[in-house]
Amino acid sequence: MTAWVERQNEYVLRAAEERAVQLIRLWFTDVLGQLKSVAISPAELETAFEEGLHFDGSAIDGFSRIQESDVLAMPDANTFATLPWTDGGTTGRMFCDILSHTGEPFEGDPRHVLKRNLARANDAGFKFMVAPEMEFFYFADGEPTHAPKLLDSGSYFDLTTSDAASDLRRQTLSVLEAMGIPVEYSFHEDSPSQHEIDLRYTDALTMADQIMTFRLVVRELALEAGRFATFMPKPLAGMQGSGMHLHLSLFDESSNAFHADGEQYLLSPIAKSFMAGLLTHAREITAVTNQLVNSYKRLVRGYEAPVWVSWAQRNRSALIRVPVTKADKPGSTRIEFRSPDPSCNPYLALSVILAAGLKGIQEGYELPAELDANLFELEDARILELGYQPLPTSLAEALDEMEKSDLVRDALGEHIFEWFLRNKRAEWRDYKANVSQWELERYLPSW
Amino acid sequence: MTPETFVLYPNPAPAELVRTLDFGNYSWTAVGSIGDLHDSEPDVGWTGAIICADEDPDGAWAICRELRRRDVPVEPLLMLVSGSQLDQLVSRNELLDDFMITPFHSKELEARLAHLLWKAGRGVRPELVEHGPLALNVETYQATVDGRPLDLTFMEYELLKFLSSHPGKVFTREALLNRVWGYDYYGGARTVDVHVRRLRAKLGEEHASLIQTVRSVGYKLGQSRW
C-alpha cells in the first residue's frame with residue numbers, strides 16, 4: 001500500500017468517525033450494469049481497507065465461474081461519500097475494485113475493464129473526459145402489468161404547473177450537488193413525463209461511478225416521493241425514448257487534444273481520427289452501448305435517435321454531432337456520441353467507445369465526409385446508395401456484429417465478452433419466444 | 001495566531017518535502033543562499049529549519065551555521081542527508097537537532113517534526129484553518145461552512161485546505177497540481193477544474209463563489225488578510 005493510499009484510507013476512517021457514520025455501503029457493478037452493495041459497520045472499515053471484503057462472486061451476474069467463485073471487494077477510498085437521503089444515521093458509500101482470490105484484478109469486474117482501457121489511453125498520453133445527458137421518465141408507479149401512467153403532459157423546456165415532477169427533479173439536483181456530482185443543465189424533455197439532467201464533464205472513471213450513483217439517486221428519490229423513475233430506453237411507443245448522449249474529449253497533459261485553432265469546427269486531427277474510429281466500429285460496439293431488446297425500439301426513424309452511422313455539425317439525426325463551441329474556449333471542443341442509452345453498463349460502454357476512438361487515432365483512420373442532408377427526410381434505399389450504414393436494428397443483429405469484433409473482445413476481455421454474448425443471446429431467445437400485444441392485435445382478427 | 005514558517009534549503013526544495021509539509025499544513029519558505037535566508041526571514045523569526053544536504057552539502061552546512069551561530073539559534077533544525085553523508089554528521093552535532101536519511105518516508109518526517117516542535121516547547125501546527133464561513137479542522141479532517149459539515153473526498157479536502165491556507169493568493173492549475181496532488185500525479189490538465197467544480201457544488205449556491213476563477217490564470221479563495 002502506497003503512502004498515498006494510506007493517507008486516503010486514514011482520511012475516510014477519520015471522516016466516518018467524525019461524521020458518526022453508522023453504516024458503510026460498499027458498491028460494485030455487475031456485468032449487466034446493476035449496482036450491487038454490501039454493508040459493513042464502521043468497525044469493519046479498517047480491515048476492509050487492509051484486507052478487502054471476501055464474498056461469493058458466483059451469485060453476481062457475470063462474475064465468476066463456479067471453480068473460482070471467491071472474490072475480494074477492495075474499497076476505493078477516493079470515492080467515499082455520504083448518502084444524503086438516508087434517514088436515521090449517516091450512511092457512507094464507496095465504490096470497490098474486485099480482486100480474484102489470487103489478489104489480481106478480477107477480469108469480470110466492469111470497473112477494472114474501464115481502468116484497463118483508461119490505462120491504455122494514459123499510455124498514449126490521453127485522459128478521457130466525459131459528460132452525459134441523462135434522460136429518464138417519471139411515472140406514477142413501476143407496475144409492469146399496465147401501461148406506464150404519466151405524471152404530466154409537459155414538453156421540451158416547459159416551465160408550467162403541468163410540470164408536476166419538477167419539484168422532484170429540483171430536489172434530485174440538490175442531492176446530486178451535495179454528493180459532488182455537478183449538474184450542467186436540467187429540463188423537461190420532449191415527451192410527457194420525460195426529464196433530462198446533464199452532468200458536468202469529468203474523467204471517465206469518475207463519470208462511470210457518477211452515472212451509477214445518479215441512476216440510484218434518481219430512482220431512490222422518486223420512490224420516496226411515491227413516484228417511479230425509469231431509465232428504460234423506450235417505455236412509451238410512439239414517443240421519444242431516453243438516450244444517454246455522451247459528450248467526449250481527450251485531454252493531454254496541458255490541453256484539450258480535440259481542439260485545433262483554424263481547423264474546420266475547431267477539430268484537431270486527433271479528434272477526427274477518434275471520430276473515424278467510432279464510426280468504423282460503431283456497429284460492433286452497439287450491443288454494449290444499447291444492451292436491451294428494448295434499446296432498439298428507441299433507435300428508429302422519426303424520434304431524433306440516430307439510425308445511420310454518420311457525423312455532422314448541426315444535424316441531430318447523425319450518430320456523432322459536433323457541438324458548436326467558441327474559439328476562445330478550447331476546453332469545450334468535443335464530440336457528442338448519440339446512440340448510447342441510459343440502461344447501459346457505463347463502465348463497459350465507455351470502455352468500448354474509448355477503444356474504438358483510440359483505434360482510429362492509432363491507425364490514422366480518415367474521417368468520412370460530413371453528412372449534409374437530413375437523413376430523416378430521405379428514403380432508406382437512397383441513404384444506402386449514398387454509402388451510409390445503418391446501426392444494428394435489433395439486439396440480435398448487434399450481438400452478431402459484436403461477436404465478430406476483435407476490438408470489442410480485446411476491450412472487454414475474454415471473460416466479460418463471452419459472458420455478455422451468452423447472457424444477451426438468452427435474453428433475445430426469451431424475447432423471440434414471446435407473443436406480444438401488438439401481434440395479437442394485428443394478426444388475431446384476420447388470421 | 002503567529003505565522004509560523006519553516007525555512008527550507010535548497011531552492012527549489014525537494015518535491016516530496018514540500019508535499020509533506022503542505023499535507024501537514026506547515027508554512028514554509030525555500031531559500032537558495034545565505035542572502036535569501038536573511039531577506040525572507042519573517043519578523044518573528046523562523047519556526048524551524050529543514051535542510052537538505054544531499055545535493056549541495058557545502059551550501060547546506062553553511063546555512064546551518066548561519067542559523068545556529070546566532071544569539072538565539074534557530075531550532076529545531078532537521079537535516080536530510082544521503083546514506084553516504086552520515087560521516088559528515090560526526091563533527092557537527094551542534095548544528096542540528098535531528099536527521100533523516102533520504103529518500104525519507106513522509107509519515108516519519110511528519111512525526112519527527114511534530115516531536116521536535118514539542119521538544120522545542122513550540123506550539124504544534126495550527127489546528128484550525130478558517131476563512132469567512134469556512135472552517136477546516138486539520139486534526140479531524142472536518143470541514144464546515146456556516147457550521148454545516150461538508151462531506152468531502154480526500155482530494156477535495158486537501159484542495160480546499162490549501163486554498164484557504166493561502167487566502168487571496170492566485171494559484172495556477174499547474175501550481176495546484178504540483179502542490180496538492182504531487183509531482184508524480186498524472187491527471188491531465190482538467191483535474192483541478194473538475195475538483196473545483198465539485199467543491200463549489202458541495203459548498204452550495206450561497207458559498208460557491210468562495211473559490212474564484214481568475215480568468216486565464218487559475219483559482220483563488222477569498223481575499224488576502226494583509
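**Exercise 1.** Find how far apart the C-alpha centres of domain 1 and domain 2 of chain A lie, and state which kinds of residue form the side of domain 1 that touches domain 2.

*Solution.* Begin with the bounds, which come from an automatic or database domain assignment: domain 1 of chain A covers 3-106, and domain 2 covers 116-133 + 141-150 + 198-207 + 233-442. The C-alpha centres of these two domains lie 30 Å apart. Next, take two residues to be in contact if their C-beta atoms, placed from the backbone, lie within 7 Å; 5 residues of domain 1 are then in contact with 8 residues of domain 2. On the domain 1 side, these residues divide into 2 nonpolar, 3 polar and no charged, where Gly counts as polar and Pro as nonpolar.

The model is predicted, and local features need pLDDT of at least 70, side-chain atom pairs count only at pLDDT 80 or more, and totals for chains, interfaces and linings use all residues. Residues are numbered from 1 along each chain as its sequence is written, while chains are lettered from A and ligands numbered from 1 in the order in which they are written.

**Exercise 2.** Compare the expected and actual span of helix H8 of chain A, and decide whether this helix is mostly covered or uncovered.

*Solution.* Helices are DSSP runs (H or I, at least four residues) numbered from the N terminus, and the expected span is 1.5 Å times one less than the number of residues. For the 18 residues 346-363 this should give 26 Å, which agrees with the end C-alpha atoms being 26 Å apart. Counting a residue as buried if 20 or more other C-beta atoms lie within 10 Å of its own, 16 of the 18 residues of H8(A) are buried, and the helix is mostly covered. Just after H8(A), A:Gly364 takes a positive phi of about 60°.

Conventions: Helices (H or I, at least four residues) and strands (E, at least two) are DSSP runs, numbered from the N terminus. A residue is buried if 20 or more other C-beta atoms lie within 10 Å of its own, exposed if 12 or fewer, and partly exposed in between; C-beta atoms are placed from the backbone.
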